Amino acid sequence: MNIILFGPPGSGKGTQAIKICENLSITHLSTGDILREAVESGSEVGKKAKEIMDKGGLVSDEIVLSIVKERIAYNDCKNGFVLDGFPRTINQAVGLESLLSATQKIQYVLRIIVDEENIIKRLIDRGRSDDKPEIIKNRFKSYNSQTQPLVPFYEERKILFNIDGMQEIEKVFDDIKNVIGI
Ligand code: B4P
């Protein structure tokens with residue numbers, strides 16, 4: 001099974017991706033985690049990414065697509081994967097369609113819905129380096145202008161499913177299990 005987890009920053013994509021992957025024994029691909037690892041390693045990609053992530057912007061489509069292209073070709077993705085935080089722009093979504101092979105179709109795009117007030121509270125409580133009020137504001141701006149347009153894109157393909165993300169973690173997971181039939 002191949003799944004995309006979609007939603008605003010801090011909606012719980014990473015939290016639910018871990019649970020889905022454990023349950024189905026499939027691979028978790030988080031572009032946020034991969035980019036943070038690149039930042040830690042101090043690589044050229046990491047240096048470019050850090051500047052943008054520190055401001056709450058989106059890393060370039062070119063960088064993100066090349067990371068996903070490389071990673072999705074690994075053997076551990078053959079049985080299925082959860083894309084967590086990718087795609088985040090129409091360009092990335094179009095790029096993803098062209099790099100998936102005929103046997104690697106996306107079956108579900110799960111859109112986790114949480115309102116802004118709840119998210120701000122969650123992120124402030126988490127306290128990651130990009131969870132500061134000014135940066136969170138910019139992450140929302142990026143989401144609304146660049147990522148939100150993916151909703152009609154996936155609605156047209158009839159694979160978008162809305163999940164109420166303002167419930168306890170286990171309840172959110174129960175709703176996901178119902179949608180994907182596990
Ligand atoms: P990400 O790492 O994707 O992070 P996120 O959107 O903030 O978090 P997520 O939705 O996964 O929330 P989580 O489960 O952690 O992105 C970080 C940055 O990387 C971006 O701003 C961007 O710069 C860059 N980037 C990543 N992908 C990119 C791409 N494709 N293109 C360009 N740039 C990209 O949950 C948050 C908190 O809420 C946690 O503390 C969790 O415990 C809590 N929580 C979760 N579910 C809850 C629930 N049901 N109730 C209460 N709390 C809950």
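The following exchange concerns the ligand site and one aromatic pair of a predicted model.

Trainee: Which conventions apply to this model?

Mentor: Residues are numbered from 1 along each chain as its sequence is written, and side-chain values use heavy atoms, without hydrogens and water. In this predicted model, totals for chains, interfaces and linings use all residues, side-chain atom pairs count only at pLDDT 80 or more, and local features need pLDDT of at least 70.

Trainee: Which element gives the largest share of the shell around the ligand?

Mentor: The ligand is surrounded by 31 residues, each with a heavy atom within 4 Å of it. Helices are DSSP runs (H or I, at least four residues), as are strands (E, at least two), numbered from the N terminus. The largest share of the shell, 4 residues, comes from α2.

Trainee: How far is a nitrogen atom of the ligand from an N or O atom in the side chain of Arg88?

Mentor: A polar contact with the ligand is a pair of N or O atoms within 3.5 Å. A backbone N or O atom of Val59 lies 3.2 Å from a ligand nitrogen, and one of Gly85 lies 3.0 Å from a ligand nitrogen. For the side chain of Arg88, the distance is 3.0 Å.

Trainee: How are the rings of Phe6 and Tyr143 arranged?

Mentor: Rings of Phe, Tyr and Trp (its six-membered ring) pair if their centres lie within 6.5 Å; planes under 30 degrees apart count as stacked, over 60 as edge-to-face and the rest as tilted. The structure holds 3 aromatic pairs. In Phe6 and Tyr143 the centres are 6.2 Å apart and the planes at 45 degrees, so the pair is tilted.

Key:
A polar contact is a pair of N or O atoms within 3.5 Å; within protein, one must be able to donate a hydrogen and the other to accept it, and residues adjacent in sequence count only if both atoms are side-chain atoms.
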